[in-house]
Each structure stands twice: as C-alpha cells, then as structure tokens.
Amino acid sequence: MPTINQTVDNFKLPSTGSKTFSLSESTAGKHLVVYFYPKDDTPGCTVEGENFRDKYPDFIQLNCEVVGISRDSIQSHEKFKEKMNFPFELLSDSDETVCKQFDVIKMKNMYGKQVRGIERSTFVIDAKGILRKEWRGVKVPGHVEEVLDFVRTL
C-alpha cells in the first residue's frame, strides 16, 4: 500500500477509449487524482463522477489529470462515461490488482449482509509519482472541492 510522501508503484489498467493507462506515463510532468468508486451508474458514484466532471477544467488548469477506477468492465465504463459525458478516463480493475495495491477493498454492509466492495477513496499523486494525499471512506458532498483545494497547494 502506498504511503504519504512515498513513490507509488507503477500500475497499468485497461482504460476507456481503447487505451491502456500507465501510472508512470500519466504522472510524467502532471499531477494525478485517482478516485476509486464502487460501481458504475449507481447514485453516489454518479454524483461523485459528475462533481469531478464539473470541476475537471479547474483540475486541468492546475496541471492535474483525473481518473476513476472500479471493478466494472470496460464496456460498462464506456456506457457510463458516455451517458455522463465524463471528460476523463475510467479504468477497469476487474481482478482487483490496483484495488489491493491501494487497500480499498473492504467488507461493507449492504442490506444487512456483509459484502466485499470498494471503499470510496481518493488519492493525489504528484508529477513525480509521489503520493501526497489520501481520503478513505469518502462522503460525496463537498469531496471534490476538498480535493481541488488540496491540488491547488501542490
């Protein structure tokens, strides 16, 4: 698991737009917000994605890219991205490799049952590939503005 002020190990994942995302290539000269979310096209995940979409121009002005990661398939991501008009890429971690790297898979209660799922979490990685900030157990309201405020300090 990456720790604050340490370099994040490179990872590659399939991305929307028929691409492969590589952390090392994406952080070369740019900051990066990586947000993990439970599932495409669900209420909380939709609002979170909309909030990142609406603030995306502000992130770009700060030399910061945004990507979202869940366990959904690329096909699901493509539909979700198109439906919500997201300007950033969604990455598919169907085998949970990167979810495990960032330790975001947790036991959660869903309708009274314990289920394994992604704990909504956000990480800011600077242009040198160093983890600068993390938020775990994220509540959606106000979160994207908090992330943007932090990126302004880099």
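# Packing and loops in a predicted model

Colleague: Which elements do the buried residues of helix 5 pack against?
Modeller: This is a predicted model. Helix 5 covers residues 143–151. Its buried residues pack against one other helix element, helix 2 (43–61), and against strands, which are strand 3 (31–36), strand 4 (64–70), strand 8 (121–125) and strand 9 (131–136).

Colleague: Within what arc do the buried residues of helix 5 fall, seen down the axis?
Modeller: The buried set in helix 5 consists of His-143, Val-144, Val-147, Leu-148, Phe-150 and Val-151. Seen down the axis of helix 5, these residues line one face of the helix, because they fall within an arc of 160°.

Colleague: Is Phe-59 of helix 2 buried or exposed?
Modeller: Phe-59 belongs to helix 2. A residue counts as buried under 20% relative accessible area. The relative accessibility of Phe-59 is 0%, so Phe-59 is buried.

Colleague: Which residues is Phe-59 in contact with, leaving aside its neighbours within four places in sequence?
Modeller: One of these residues is Val-33, 26 residues away along the chain, and the C-alpha atoms of the pair are separated by 8.9 Å. Val-144, Val-147, Leu-148 and Val-151, which Phe-59 also contacts, are among the buried residues of helix 5. In full, the contacts of Phe-59 are Val-33, Phe-52, Cys-64, Val-66, Val-144, Val-147, Leu-148 and Val-151.

Colleague: Which residues of helix 3 are exposed on the side away from the buried ones?
Modeller: The buried residues of helix 3 are His-77, Phe-80, Lys-81 and Met-84. They fall within an arc of 100° seen down the axis, so they line one face of helix 3. An α-helix has 3.6 residues a turn, so residues three or four places apart point the same way. On the other side of helix 3, the exposed residues are Gln-75, Lys-79, Glu-82 and Lys-83.

Colleague: Which elements do the buried residues of helix 3 pack against?
Modeller: Helix 3 spans residues 74–84, and its buried residues include Phe-80 and Met-84. The buried residues of helix 3 pack against helix 2, strand 4 and strand 5.

Colleague: What is the phi of Asn-85, just after helix 3?
Modeller: Asn-85 sits in the loop between helix 3 and strand 5 (89–92). With a relative accessible area of 58%, Asn-85 is exposed. Its phi is positive although Asn-85 is a residue other than glycine, with a value of about 60°.

Colleague: Is Asn-63 buried, partly exposed or exposed?
Modeller: Asn-63 lies in the loop between helix 2 and strand 4. It is not a glycine, yet it has a positive phi of about 60°. Partly exposed means between 20% and 50% relative accessible area. Asn-63 is at 35% relative accessibility, so it counts as partly exposed.

Colleague: What is the radius of gyration of the protein?
Modeller: The protein has five helices and nine strands. The globule rule gives 15 Å for 154 residues, and the protein comes close to it, so it is as compact as a globular protein of that length, with a radius of gyration of 14 Å.

Colleague: Among contacts between residues at least 6 apart in sequence, what percentage join residues at least 24 apart?
Modeller: The pair Phe-59 and Val-33, 26 residues apart along the chain, is in contact. Among contacts in the protein between residues at least 6 apart, the share joining residues at least 24 apart is 62%.

Definitions and conventions: Residues numbered from 1 in each chain as written. Predicted model: local features only at pLDDT ≥ 70, side-chain atom pairs only at ≥ 80, totals over all residues. Heavy atoms only, no water. Helix = DSSP H or I, 4+ residues; strand = E, 2+ residues; numbered from the N terminus. Rg over C-alpha atoms; globule rule 2.2 N^0.38 Å. Contact = heavy atoms within 4.5 Å. Buried < 20%, exposed > 50% of the residue type's maximum accessible area, 1.4 Å probe, protein only. Arc of directions from axis to C-beta.
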